[in-house]
Amino acid sequence: MKRKGHGFKQSMVKLLGSGKNQDLRIALFCILLSLFAGSLLLLSLGKNPLIAYKSILQGAGFWPKARYAGHKSMLTDFLSLLNYATPMVFASLSVAVALRCGLFNICVPGMMIFSGFLATVLVGYSGLPSFGARFLVIIVGIVGGSFIGSVIGYLKFKFNTNEVVVSIMFNYIISYVVSFFIQTKYIDPTTRQSLKIGDNARLTLVDKVIGNLKIEIPLVLPLAILVVVGLWFLFARSRLGFELKAVGMNRKASRYAGVDVGRTMVISMIISGALAGLAGVSYYLGCYASIQPKVLPSLGFDAIAVALLGNSSPVGCLFASLLVMTISNGTTYMSSTLNVLREIASLITGILLLFSACSAFFKVQANRWAQELEDEYIVNMREAPHE
Amino acid sequence: MQEKDRTLVEFRHITKRFPKIVANDDISLSIRKGEIFALLGENGAGKSTLMSMLFGLYEPDEGEIFLRGKAEHIHSPAEASKLNIGMVHQHFKLVQNQSVTENIILGMEPVKKKLGVLSCVDKKRAQERVRSLSQQYGLDVNPQDIIEDIPVSVRQRVEILKMLYRNAEILIFDEPTAVLTPQEIESLLEVIRSLRDGGKTIILITHKLDEVKEVADRCAILCRGKLVGVYNVKDISTRQMASLMVGYEVSLDVEKARHSFGNVALEVKNLSVFDNDEIKVVDNVSFDVHEGEILAIAGVAGNGQVEVADALAGLLPVRQGTIVFEGKDITSLDIRPRIEMGISYIPEDRQDVGLLLDYNLGNNLALKTYYKPPYCKNGILYENSFTKEGDKLIKQFDIRCSDGCATTVRSMSGGNQQKAIVAREISLGSKLLIFVQPTRGLDIGAIKTIHDRIIELRDQGKAVLLVSLELDEIMELADTIAVMYNGKIQTIKDASTLTANQVGEYMMGVHHEA
C-alpha cells in the first residue's frame, strides 16, 4: 500500500492539515516558502541569503546596522517602517472587508488616489491650524473613499454589474481625471508631481527632532489599530458582520433567510471604500506629501495579496502588512549593502506576494491529501492482521 | 450446468470502504446473461457503489469481479465500455445545446478523410446508425433533435442509445424512474423488456418495489452494505422485499386522521410569475390553503411548482395576481416581513438555499431569527443564546452532529441537514409551511420522520403546502391535490377522489380542466 511520496504527504498533512490554527500555519508556510525561493534567487546571484535577510531586518529597524548616518538609529528605521506600513494596513483591511462579503475590490488604488487628491486640494493647501486640518484630512479621506465604494456597490446592487470590471475601469477613470487636474492646476514644474502640501495637514510628523534623532511619527497608526479591533468586533460579534459573512458565503441562502443582500453588499463596499480612503490619505498626505500623476499606487494592488496572506481577518491583515512592508522597506538597504540591483530586491517582495496569493491552494491540497491518507489508513487497518 | 454457463458477471467477496463507512461488505453474487436483475436497497445501502465498481468508477478494496468467467480489473469507465458495459446515470450526462447524434458519438466520433487527407467527423454515418438502433429497440428518438428541446424521458432514451451505440451488452440503470411520470415509467419498462428480449443483460438499481415486481427476473437486496439475499421476483411479495430492505418490519402507510379544515390561511389568485429569461413559468394559478389542510402540488419537474413556492416566499417577483395571507395582501412584501408574518419555507435545494454550509449548526438553526432577541440586542450578537436555543432544537429533532452547535453544517449528512432546516422552520411557529421536495435523497427512516412531522403540523391546525415530484408521497400525505403542467393548474381536487394514475395523466397534460 505504501506508495512513493507517502511520507511527504503525511508530513505535509501534519504541517498544514485541518485542525487548530490551520490558517495561521498555512500563512507561515507561505512565508517560509517564499523566503526559501528568495534564498535560491540570491544564491544564484552569488549572494549569501542569510546576510541578505539580516540586512533586510537591519533596513527595517529590527536589527542594529553597523553604522548609522547622522540623526539616524534603529528607532528611526523602525518608525519609518511603521509609517509606510500604516497605509498598507488600511488598504489590506479594505480588500478584506469586501472579500468577506464575497466582493473583489480591486479599486483600492483608485480610491486611494481619489481621496488623496480630494484631501490634498480641499485641505492640503488650506493653511488651517494643524489639528483641524489633520482631522479634516481624515474625514475627507473616509468620505471620498466610501463615495467611490458606494457607487461600485450600488451598480452591483442595481444592475448586477461585475464589481471587478467596474473597479478596474474606475481605477483608470480616477487616475486620468485626477492627473488632468493635477497637470493643469496643481503641478510642480520641477518635480513633475502635484504641489507639496503644507506640513499642517500632513498625517506624518516628519523630521521631528527628539534628542539627537530626526524621526517620523505616523499619527494615524493608532487609528489603524483601532480599526483592526473594530473590524474584529464587527465580524465576531455584530449582526452586520453576521450578515456580511453570510452574504459572502452564499447570496441565495442569505436572501432566503431574509437578509437584504443588496443593502449588505453596498454597506460592505462603503466600509471597504472608507478604509481605502484612509489608506489614500495616509499614503499621499502622510508617507508622501504630493501625488504623482498617471501612476496607480502599487500598494493598492499589493494589498490584495496581503489580505489573502492575512486570511481576510483583521488581525491577520495587520501582521501581514507589517511583514510585507518589512521586506519591502528592508530590501532598499539590502540592495545597497549587498550590491544587488534594486529590482532584484523588490523581486523578493514579489515572491512573497505571489506565494501568499497561493495560500488557498495549499489549504485545498493539504485537505485533499488528508482525505487520501485517511482512506488508505482505514484500508491498512483492515489488512494489518493478515500480514 | 446450463445455469452456470449463462453467468455473465460475478462479484466474489467484494468489499469497499469509505472513511467511516463500509459501503459493501463481502458481497458475492452472479448475474446471468439475458436477465433483468434488480438491485434493491435504501439510500446508502451500497447499490450504487457496487455498480460503480463494475463500471470502473471505483476499485474494490477486496474481492474480484469476474466477467464472462475471467477476472477483470476495471480501472475506468472507458475500460468498462471496452468490456461492453454501459451505465445510465441518475443525472444525465448530455451536452444541452448539441444534437442527439453529436451527444451519442462524443468521445468516439467516426472519422472519414475528406480529399484523402483532411479528417473530419462522419456525421451522416453516425446518424444512420443511431436511427437504426432507435428503430430496432423501439426507442423513438430523432437523431437530429437538440437535447434541450426534448423532454426528460427522451433524454433518458438518448442515454440508452449512447450505450447501445458503444455495443454495450450489460446495461446498468441507476434509479431510472426517479424523474418520470407513471406513464413514462410504463414505457421505459417496456423499453427495458425489449432490450432484454434483444439479448442484453439489464441491471436495475432502484428502491421502488413495484417496478421490480413488474419487470425484473431476479433481485438482490442490500441492507447497510450487506447482501441480504438474491430472490426470484415471482417468489417474493413487495411487503417481504420492503422489510428485507429496511431490516425490520415496516408499515408503508402513514397513519392519518381525517382532516378538518379551518379558515382559509392562504389565498392565491390568478398568480403569474416570470423567470429571469422572461419566460412565463407560472400561468394564472389560483388556489386556497386552509388551516389543517395539506395541499400538495404534483407535477413533473420544471412545470412551475417550485416557482409558485418561491413566489409565495417572496424569492420571485409576482407579475400578475395577488397572494393573500391571513387576510392581508402580501403580493409585494419583502422576504423578511413574510417570515415574520408566519410563512415557513423548506426549499428544494437544501445545500445551496436552505443552509449556509460554512456556518456552524447553531448559526444555521437561527438563520431566520438571528437579528431578534435573545440572539441579538442593539446589533450585538450573543453566542450563548445561539448555543442554548440550538441545543434545544438538536435534542427535540434528533439532529445527529459531531460537535453540537459548533458543527460545520457542510460536514453533516444530507438527512441531518434536512432535519436542521425542518427544525428551524417549525420552530418559527409559522401558520403556513411550504415544503418543497422535503424527502429527496433521504432514507426510509428519515422520510418517515418528516412525513410524520408534516401530518402532525396539519393536525395542529397549520396550513401546509407540499410540492413534490414523488407521486407516492403526494398520494400518501395530501388532503387536496393540485396538478401543474406547463405553469398551469390542470386540476385541483380532493385527494380521495383521485388515483395515482389519474394524477399521472394530469401531470402529462392529457386532461385539462379549467
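The following questions and answers go through the contacts, sheets and helix packing of a predicted model.

Visitor: What should be known about numbering and confidence limits?
Guide: Residues are numbered from 1 along each chain as its sequence is written, while chains are lettered from A and ligands numbered from 1 in the order in which they are written. The model is predicted, and local features need pLDDT of at least 70, side-chain atom pairs count only at pLDDT 80 or more, and totals for chains, interfaces and linings use all residues.

Visitor: How many residues does each chain give to the contact between chain A and chain B?
Guide: Two residues are in contact if their C-beta atoms, placed from the backbone, lie within 7 Å. On that criterion the contact takes 18 residues from chain A and 23 residues from chain B.

Visitor: Which elements of chain B give two or more residues to the side that touches chain A?
Guide: Elements are DSSP runs numbered from the N terminus: helices are H or I with at least four residues, strands are E with at least two. Those that qualify on chain B are helix H11 (335-341), helix H12 (350-354) and strand S20 (380-381).

Visitor: How do the residues of that side of chain B divide by class?
Guide: Ala, Val, Leu, Ile, Met, Phe, Trp, Tyr, Cys and Pro count as nonpolar, Asp, Glu, Lys and Arg as charged, and the others, Gly among them, as polar. The side of chain B that touches chain A then divides into 15 nonpolar, two polar and six charged residues.

Visitor: What separates the centres of the two domains of chain B?
Guide: The bounds come from an automatic or database domain assignment, which gives domain 1 (2-246) and domain 2 (264-342 + 430-507). Eight residues of domain 1 of chain B are in contact with 11 residues of domain 2 of chain B. Taken over C-alpha atoms, the centres of these domains are separated by 35 Å.

Visitor: Which strands of the six-stranded sheet of chain B stand at the edges?
Guide: Two strands pair if DSSP finds at least two bridges between them. The open sheet has the order S18-S21-S22-S15-S23-S24 in chain B, with mixed pairing. Each edge strand has a single partner, so one side of it is left without a neighbour in the sheet; these strands are S18 (343-346) and S24 (488-494) of chain B.

Visitor: What is the bridge partner of Ala482(B) in S24(B)?
Guide: Strand S23 (residues 480-485) of chain B is joined to S24(B) by six bridges, and the two run antiparallel. Within S24(B), the partner of Ala482(B) is Ile492(B).

Visitor: What angle does helix H18 of chain B make with S23(B)?
Guide: Axes are lines fitted to C-alpha atoms, for helices over the stretch in contact, and angles run from 0 to 180 degrees between N-to-C directions. Helix H18 (residues 500-507) of chain B packs on the sheet, touching S15, S23 and S24 of chain B, and its direction makes with that of S23(B) an angle of about 30°.

Visitor: Which residue takes a positive phi in the hairpin of S11(B) and S12(B)?
Guide: S11(B) is joined to strand S12 (residues 226-232) of chain B by six bridges, running antiparallel. Ala220(B) stands opposite Val230(B) in S12(B). The hairpin has two residues between the strands, and the positive phi, near 50°, belongs to Arg224(B).

Visitor: How are H4(A) and H13(A) oriented to each other?
Guide: Helix H4 (residues 74-100) and helix H13 (residues 314-337) of chain A have axes that come within 8 Å and cross at roughly 135°. Angles under 35 degrees count as roughly parallel, over 145 as roughly antiparallel, 65 to 115 as roughly perpendicular and the rest as oblique. H4(A) and H13(A) are therefore oblique.

Visitor: Which residues make the contact of H8(A) with H13(A)?
Guide: The axes of helix H8 (residues 221-237) of chain A and H13(A) come within 8 Å and cross at roughly 150°. That makes H8(A) roughly antiparallel to H13(A). The contact has six nonpolar, no polar and no charged residues. They are Val228(A), Leu231(A) and Trp232(A) of H8(A) with Pro314(A), Val315(A) and Leu318(A) of H13(A).

Visitor: What is omega for the cis peptide bond that joins Pro373(B) and Pro374(B)?
Guide: Pro374(B) lies in the loop between helix H13 (361-365) and strand S19 (376-377) of chain B. For the cis bond that joins Pro373(B) to Pro374(B), omega is about 5°.
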